[in-house]
Amino acid sequence: RAALQNPLVKVTAINDPYISAEYAAYLLTTDSSAGTVGLHAEVKGTDAILVNGTYIEVTQKSDPSSIPWKVNYVIDCSGVFTTQERASQHLASGASRVIIANLGADVPTFVVGVNADKFRPDMQVISGGSPT
């Protein structure tokens, strides 16, 4: 939700093997404790949503190498692709960089305010640390 409300970020695709476009729209607009969060989402067919005027493709693929990414960054929140080798499948299908939203086994982890200054531009797969 924060990315959708940030003018510096453009969300173009969401991939989740377990949810439909309709449920993705619901999750983006409703919070279990805060209620509605100020986003308007409209389902566009079976594979897209329109959120506050932004068209977002929704896919349900389990294999990252089968997703035709046309993006600079993939934020992988699955908890499945936490090694360099597995997360790099996103790179093979078109992403420029991958940020894992979990601790990675062999992936450099960066935390803003702690060690973000150690990031190097040649790092294509990184971890943002634990989501908790």
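Helix α1 (residues 21-29) lies across β1, β4, β5 and β6 and runs at about 25° to β5. Here helices (H or I, at least four residues) and strands (E, at least two) are DSSP runs numbered from the N terminus. Axes are lines fitted to C-alpha atoms, for helices over the stretch in contact, with angles from 0 to 180 degrees between N-to-C directions. This is a predicted model, in which local features need pLDDT of at least 70, side-chain atom pairs count only at pLDDT 80 or more, and totals for chains, interfaces and linings use all residues. Residues are numbered from 1 along each chain as its sequence is written, and side-chain values use heavy atoms, with hydrogens and water left out.

Which residues of α1 are buried? They are Ala21, Ala24, Ala25, Leu28 and Thr29, where buried means under 20% relative accessible area (exposed is over 50%, partly exposed in between; 1.4 Å probe, protein chains only). These residues cover an arc of only 120° around the axis, which puts them on the same side of α1; the arc is that of the directions from the helix axis to the C-beta atoms. An α-helix has 3.6 residues a turn, so residues three or four places apart point the same way. The buried residues of α1 pack against β1, β2 (30-31), β3 (35-36), β4, β5 and β6, with contact meaning heavy atoms within 4.5 Å.

Now to the sheets. Two strands pair if DSSP finds at least two bridges between them. One open sheet has four strands in the order β1-β6-β5-β4, with mixed pairing. β1 (13-15) and β4 (41-43) stand at its edges, each with a single partner strand, so one side of each has no neighbour in the sheet. From one strand to the next, the twist averages 25°.

The other open sheet described here has three strands in the order β7-β8-β9, paired in parallel. Its edges are β7 (73-76) and β9 (125-127); each has a single partner strand, so one side of each is left without a neighbour in the sheet. Neighbouring strands are turned by 20° against each other on average, direction ignored.

Two of the strand pairs look like this:

| Strand pair | Sense and bridges | Opposite residues |
|---|---|---|
| β5 (residues 48-51) and β6 (residues 54-59) | antiparallel, four bridges | Leu50 and Tyr55 |
| β7 and β8 (residues 97-100) | parallel, four bridges | Ile75 and Ile99 |

How confident is the predictor? The protein chain averages a pLDDT of 92, and 98% of the residues score at least 70; pLDDT is the predictor's confidence in each residue, from 0 to 100. Confidence is lowest in β3, at a mean of 74, and highest in β9, at 97.
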